[in-house]
Structures are given as C-alpha cells and as structure tokens.
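Open the model in a viewer and keep a selection box ready. The stops below are given in the order in which to select them.

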Amino acid sequence: MEILDHLSIAVFIIDETGKIIYLNNAASSFIGNTKEKCLSLNFLEFIEDKKSLQSVLKKSDQQNLAKSIEMKFRKENGKSLYALLSINNFFNQQLKQNQFIISLVDLTNQKMQVELIKENQLRFENIANSAPVMIWITDVNGLFNFVNKIWSDFTGRNISEELGLNWIQDLHPDDVKNFMIIYNQALENRIPFSHQFRFKRNDNTYRWLMINGLPRFSNQDDFLGLIGTCIDITVQKENEEYIKKINEELENATKNKDKFFSIISHDLRSPLSGIMTLMDIMVTDYDTLKEDEKKEIIAEAAITSRNTFTLMENLLEWSRMQTGNMNFEPQNITLSFIAIGVRNLFKQKLKEKSLSLDFDIESESFVFADMQMTETVFRNLISNAIKFTPQFGLILITFENLDNEVLIKIKDTGVGMDEKQTSNLFRLDQTNSSVGTAGERGTGLGLILCKELIEKQGGRIWIESEIGSGSTFFFTLPKAK
C-alpha cells in the first residue's frame, strides 16, 4: 500500500457499507484530516447524493464492472466541490467481503471553467438577442453555429433551421455567386469583409442587407471562424435609386433645355432671318426685280417657311412631352388611314423630287394608339425619308401583324447611313442634323420626338441602314383591343 501514498490522486478503499478501510496521503489531504481520523469515518458522509453512490456500488458489486461518475463531494471543513470518482470492486479473500477502490479527481476548476463559459455564452446570447441587428457566428469551415433572434424573426424560421449553410437558399439567385466568392475569400484568408446582397424575408419579399464579417481568434491565436452582423438597408437603397433617378432627370432636363435654346437660337432664328432678308429684298427692290427673280424669292421664302413651321410643330410637341402637358388618349385606330393622310400632306414635296410613296399592305392593321402622336411619328419619318431620298427614288410603307403588336416599316432608297450615324440618331446629346439631297435642313429633333412618342405608347423604334442602300425605320405599336 505504501506505493499509493506517492500518488497525487486521492485513493480510498471502502467496504460495502462505505466504511473507509484505507486512504492514501493525497486522500487524507483532500478530506482535510489525518488518516487515523478518516479511518473512523464513512465515505458516504462526504457525498451529497448518498443514494446515487450506494446504487452505483451495488451495481458494481453485482456486475463486477468499473464505473466513473461525477458527484459533489463535501470536505471536512464543509466546503463542497465537484469530483470524478473512478470505482473498481474486488473480493478481499482475507476478510471474505467485497471492497471498492475509489480514485478521486477534483473537477472543481474544470467545472468552474465550463460554468463560466456557459455563463459567458448565455450573457452573449442575451446581448445578441437584444441587439437591433442580425448577428451570426460560424465555425472554422464557415458553417453557421449561431444566429440571434432578430435573424430568426427576419427569416421566419427557428434558429436550428438557419445553422450550417441552410440560409444560403434565401439569397437572391442573382447575388449568390458574388456573395459566395467574397464570403469564401474572407474565410480562406481570415480577413474582414463587407458586402450588399438581397435576402428573402419571412413575407417572401427580397430585402437589401449589408453584411459585415470579422475573423475570430482564440487566446492562442487559433482561427475559430467568423462573426458578423446584417443590417436591412432596403430603404437606403431605394433612396439612393430615387436620388439617382432624380439626378438623371435633372441631367436630362438640363440637356433638353440646352438643346431647346440651341434650336431656338440657331435653327429657328436662321430661317426666320432668311425669310426676313428675302422679304426685305422684295420690299426695297420690287420694282427693279425681274418676274422670274420675284418668283424665285417667293418660292425660297415658302420652302423656308414650311421647314420653319415643321420645326415649330416639333418644338411645341417635344416641349409638351417634357413638361407632361401632352394629352395621351389611346384608341383603336387604322394605320392605313393615318399613312394615306400623311402622304397627301407631302404630295407637293413628293412631286417636286419625283418620288414615289407606295404601300405594301396584305391586310388592314389596327392599333391601340394615340391618333395625334401616331400622325406626328409618320409625318416625321416620311419627311425624313423624302429629305434623304434622291430624285426618282422610292419610299415604301409596310405593316406586319405580330402576336401582340403591329410592326411598321418605312423604307427608302436614299443615301443611307453608317453605323456611327445610326447609333447617335435617337440621342439628344448628339447633333444629327444633315443636309438632304435637295439641300433640305433639319435639327435631328424629329427622330428624338418619334422615339419618345413611340415609347410613350408602349412601342419600340430602331433603324437599319447602309451607305448608298437607303434606310429602313422600324417601329411597333400595341395591337387594337
């Protein structure tokens, strides 16, 4: 038995009643009394739950098995502590009785550490669940092992359903790839990260979240995973989009204003000045002018007046569009009726350039559109075709009934345009005015007006053109209801 006195672990030998038969030096120190005093005591007196230990001793006696149990041990001085008891039974041949060897290890410090960790964990969870933001924690593999109540309330699922990577399923499909790249980079490189993504709320609507994550390390500088927060920034994003939209509208308004004043100061002022000059000549030199000179001056003034009138019409309609004062009254209308009316309007111009304007219509086409807006589009596109088509050319108008819309084509055999010219046709910030085949001038405003009028009615407009092979303007309008 002397060898047991050199062990640092407390060792007891007791009989079936719990009477201490032997204890080593570590055991007497553990109890806090001398060996002689301890040998007169019962081991069960130091155990708070005596019945549980008696049950274990009885089972060990019957099954001849070693047992390890945790129990609360009360020392001689009344101080309680947690201990791990390892119990082995054997039969003492000399005394003809079953006896038990019990080794005892003090677990108090370990228990205190565990309780402290639990207390800290509980304190953290209480703080996290009271926080006004979504909080999450991962393990070293990036799998969630904690989310707070705010997160659970947001998704509408219990906390266990959010662990691992189950929550990824609620990311917006368009945001998953970019998010996972940033998330995995932060995990692999153990660095902070910040990202914005859309996440499905419990009402099945996607909300914009700002996620911020930080790496966690132990006191020994071992990587433990990530910890972070998510904040709903949907309102902020909407405000940003609204401000962006307002800025774009202001920018467009500024461009429109500049273009408007440019047209007034140059494109409108120049022809009016020309007309006044011609009229001054007629007034001052009327008696000295020959008859054919008078006719030429009057004809030139008439052409300039017509062009100026067309420009004025476009300016007024365009300005009404920008200020929202243009009436929009869609109805079921017949396209051929409008096209024929516009052709009659340009009858004189077509005759002057010996141009043909024909229709290739297999069946009548009806659209749901605004009569005045549609007439303005036809008028501008046909005027444009006349302007850039040389003598004896052809302008062809066709209608094609599609599923939900009607496709209108206005094709000419004019000079055509290159890719650079066509790409700038419908842009207000680009100058697209060109001189026609008979010296006609314009501002490019007509095509911009056409685009806005077509889009206002739910249609589209585009062009196909090639230098020397003419141009074809395409636009669509909704089918009649």
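Begin by selecting residues 176-189, which make up helix 7. This is a predicted model. Helix 7 has 14 residues, and the distance from its first C-alpha to its last is 20 Å, close to the 20 Å expected at 1.5 Å a residue.

Next, show the side chains of Phe179, Met180, Tyr183, Ala186 and Leu187, which are buried in helix 7. They lie on the same side of helix 7, because they cover an arc of only 130° around the axis. Now add Lys177 and Glu188: these two are exposed, on the other side of helix 7. Step just past the end of the helix to arginine 190, where phi is positive, at about 55°. Most residues other than glycine have a negative phi.

What do the buried residues of helix 7 pack against? Select strand 6 (134-138), strand 7 (144-147), strand 8, strand 9 and strand 10; the buried residues of helix 7 pack against these strands. Helix 7 lies across the five, and it runs at about 140° to strand 8.

**The sheet under helix 7**

Hide the helix and keep the strands. The five strands form an open sheet in the order 7-6-10-9-8, with antiparallel pairing. Strand 7 and strand 8 are the edge strands, each pairing on one side only. From one strand to the next the twist averages 25°.

Start at the edge with strand 8 (residues 193-200) and strand 9 (residues 206-217), which pair in the antiparallel sense over eight bridges. To check the register, label serine 194, which stands opposite asparagine 212 in strand 9. Then label histidine 195, which stands opposite isoleucine 211 in strand 9. Five residues lie between the strands in this hairpin, and asparagine 204 there takes a positive phi near 65°.

Move on to strand 10 (residues 223-232), which pairs with strand 9 in the antiparallel sense over nine bridges. Here the pair to label is methionine 210 and, opposite it in strand 10, isoleucine 231. The hairpin of strand 9 and strand 10 also has five residues between the strands, and aspartate 221 takes a positive phi near 70° in it.

**A second sheet**

Clear the selection and go to the earlier part of the chain. Another open sheet of five strands has the order 2-1-5-4-3, with antiparallel pairing. Its edge strands are strand 2 (20-23) and strand 3 (67-74), each of which pairs on one side only. The twist in this sheet averages 30° from one strand to the next.

Within it, select strand 4 (residues 80-92) and strand 5 (residues 97-106), an antiparallel pair with ten bridges. Label asparagine 89 and, opposite it in strand 5, phenylalanine 100.

**Later stops along the chain**

Select residues 335-345 for helix 10, which contains leucine 345. Is leucine 345 buried or exposed? It counts as exposed because its relative accessibility is 55%, and the cut-off for exposed is over 50%. Draw a distance from leucine 345 to arginine 379: the two are 34 residues apart in sequence, and their C-alpha atoms are 8.5 Å apart in space.

Continue to serine 354, in the loop between helix 11 (347-352) and strand 12 (356-360). Serine 354 is not a glycine, yet its phi is positive, at about 55°. With a relative accessibility of 30%, serine 354 counts as partly exposed.

The last residue to pick is phenylalanine 392, in the loop between helix 12 (371-388) and strand 14 (394-401). Its phi is near 70°, a positive value in a residue other than glycine. Phenylalanine 392 is exposed, and its relative accessible area is 64%.

**The whole protein**

Zoom out and colour by secondary structure: the protein has 14 helices and 17 strands. Of its 481 residues, 38% count as buried. Switch on the surface, and the accessible area comes to about 27,600 Å², of which 52% belongs to carbon and sulfur atoms. For a contact map, take the contacts between residues at least 6 apart in sequence: 58% of these join residues at least 24 apart.

Technical notes:
Residues are numbered from 1 along each chain as its sequence is written. This is a predicted model: local features need pLDDT of at least 70, side-chain atom pairs count only at pLDDT 80 or more; totals for chains, interfaces and linings use all residues. Side-chain values use heavy atoms; hydrogens and water are left out. Helices (H or I, at least four residues) and strands (E, at least two) are DSSP runs, numbered from the N terminus. Buried means under 20% relative accessible area, exposed over 50%, partly exposed in between (1.4 Å probe, protein chains only). Two strands pair if DSSP finds at least two bridges between them. Contact means heavy atoms within 4.5 Å. Accessible areas come from the Shrake-Rupley method with a 1.4 Å probe; for residues, only the protein chains shown count as cover. The expected span of a helix is 1.5 Å times one less than its number of residues. The arc is that of the directions from the helix axis to the C-beta atoms. Axes are lines fitted to C-alpha atoms, for helices over the stretch in contact, and angles run from 0 to 180 degrees between N-to-C directions.
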